[in-house]
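Trainee: I have a new model open. Can you show me how to read its ligand sites?
Mentor: Yes. Take a look at it here.

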Amino acid sequence: MVAKDILNFIDGEFVATGKWFANRTPTTNAVIGRVAEAGKAEVDAAVRAARAALAGHWGAMTLARRVELLEALVAEITNRFDEFLDAECADTGKPKSLAAHIDIPRGAANFKIFADVVKNVPSEFFEMATPDGRSAINYGYRRPVGVVGVICPWNLPLLLMTWKVGPALACGNTVVVKPSEETPRTAVLLGEVMNKVGIPKGVYNVVNGFGPNSAGEFLTTHPGVDALTFTGETRTGESIMKAAATGARPVSLEMGGKNAAIVFADCDFDAAIEGTMRSCFANCGQVCLGTERVYVERPLFDRFVAALKAGAEALKPGVPDDAAAGIGPLISKEHQSKVLSYYKLALVEGATLVTGGGVPDMPGELKDGCWVQPTIWTGLPETARVIKEEVFGPCCHVAPFDSEDEVLAKANDNLYGLATSIWTRDLSRAHRMAQKMEVGLAWVNSWFLRDLRTPFGGSKQSGIGREGGVHSLEFYTELKNVCIKL
Ligand code: NAD
Ligand code: 6OD
């Protein structure tokens, strides 16, 4: 049973406010709860609590104890797996089979990996000769950056929130989290887990609300926040960067994408289809790393399009509990309208519709949900808006290519630079292509295969900074040099 009232979590307490907004479930668009919107006062209270925790028990805690607490968090999320699963699926409508495999396990794993990193990371050391014939030693010492504001999107709510909160806490920071207004449940539920395992109050805080003139803006402009980490749209990231300029505060930005998959004729065909199906349609296409542009070497083009079409048409839309569901709804009616407007635009821009293009016929109350059909186009010019702009829905355009140079030029001709998937059996070509693609993440013969020790982030307008493994330490700690004359 998921909660009807979703409160803020401030200083270890669940806090209501005088202002509520509706929590809807995307399968039917029905209101299933209400969310207490944090105003300036609640955001201020959360930031103060976070500062106090930093100055108190949490700041003074040994690394070994912090690591123990993070490991206890992992165990408790795992204990309450089904509650997290229900909460995430109520908010997003995604199939439980997907969330049970990706969202919730990664929600726990994000604490484990960074507990391991901080336990094991070495520091640099240099010895130098001094002019008086003696010497000095230098070592790097990391301390927490302070109170971190964590602004989250709705597509993988727990996974993407803990991807920031895990390293932030592991490094000894405190956080104020602003979940997406669409998906507040798992962030608030995590508050219960924090209390249960004994994370000191004030270390983890959650404020609910929207962006401009609401909790998001109040948090990012609060002078008590030392650093801002954000996942979401590039335009929002720009606003957050502007807010962070006041006080010259550091930002880590993980933003939009318009990712290309490149399929060579020598690929393992079945693997390429399986991977491209997931990269185009998993999570109803709402994955920043997802593929919306597929380039296929000409000899394979017709066969590839036919197989992708068959795969897309076999995806059964269904509710989270439906074990046969291959695809859930989009997140909201607003997002459904946006995606459908691109479906229309594609035809105006001259696309050939291979499959989809509309709303599936759903029974009963599901008719009011945020469903769209998985959609494939061919035939668009590279200048089309549908080729250039992020749709963030279950759709892709497939185009043929004849040479590496041609496909590289096309794939790189975009303002975004997040991820790519290259499908080939030719190892030299795989390396060549991966090196020349203007992206932060290049997969070869795979997609969304994640080793959490590796650098994660986007180039161009897809992001600023890298997180993951030791790279997260660059953002969540201040590295100080200590120089000792001997
Ligand atoms: P969004 O930018 O609309 O919202 C993200 C968060 O920012 C929400 O919590 C929202 O309330 C808040 N927000 C909005 N305006 C704000 C403001 N002015 N000040 C402070 N906070 C503000 O993004 P979304 O629609 O939730 O998520 C989808 C987008 O996220 C897509 O573009 C997708 O590519 C991107 N994304 C990127 C990554 C990545 O790792 N690069 C991961 C997931 C999603
Ligand atoms: O796997 C991750 O760590 C990560 N940040 C995934 C982002 C997915 C975007 O929708």
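**Reading the two ligand sites**

Mentor: Start with a contact: a side-chain N or O atom of Glu390 is 2.5 Å from an oxygen atom of ligand 1. A polar contact is a pair of N or O atoms within 3.5 Å; within protein, one must be able to donate a hydrogen and the other to accept it, and residues adjacent in sequence count only if both atoms are side-chain atoms. The protein buries 92% of the 850 Å² that ligand 1 exposes when taken alone. Such areas come from the Shrake-Rupley method with a 1.4 Å probe; for residues, only the protein chains shown count as cover.

Trainee: What kind of model is this, and how is it numbered?
Mentor: This is a predicted model: local features need pLDDT of at least 70, side-chain atom pairs count only at pLDDT 80 or more, and totals for chains, interfaces and linings use all residues. Residues are numbered from 1 along each chain as its sequence is written, chains are lettered from A and ligands numbered from 1 in the order written, and side-chain values use heavy atoms, leaving out hydrogens and water.

Trainee: Which residues come nearest to ligand 1?
Mentor: A residue is near a molecule if one of its heavy atoms lies within 4 Å of it. Of the 32 residues around ligand 1, Lys178, Glu181, Thr236, Met255 and Glu390 come nearest. A polar side-chain atom of Thr236 is 2.6 Å from a ligand 1 oxygen. For the side chain of Trp154, an N or O atom lies 2.8 Å from an oxygen of ligand 1.

Trainee: Which residues surround ligand 2?
Mentor: Among them are Arg106, Asn155, Trp163, Glu254, Cys288 and Phe456. Arg106 has a polar side-chain atom 2.8 Å from an oxygen of ligand 2. In Asn155, a side-chain N or O atom is 2.8 Å from a ligand 2 oxygen. Cys288 uses its backbone: a polar atom there is 2.8 Å from an oxygen of ligand 2. The protein covers 99% of the 310 Å² of accessible area that ligand 2 has on its own.

Trainee: Why does ligand 2 lie between two domains?
Mentor: Domain bounds come from an automatic or database domain assignment. Domain 1 (5-255 + 462-485) and domain 2 (259-450) both give residues to the shell around ligand 2, so ligand 2 lies between them. The shell around ligand 1 also draws at least three residues from each of these domains.
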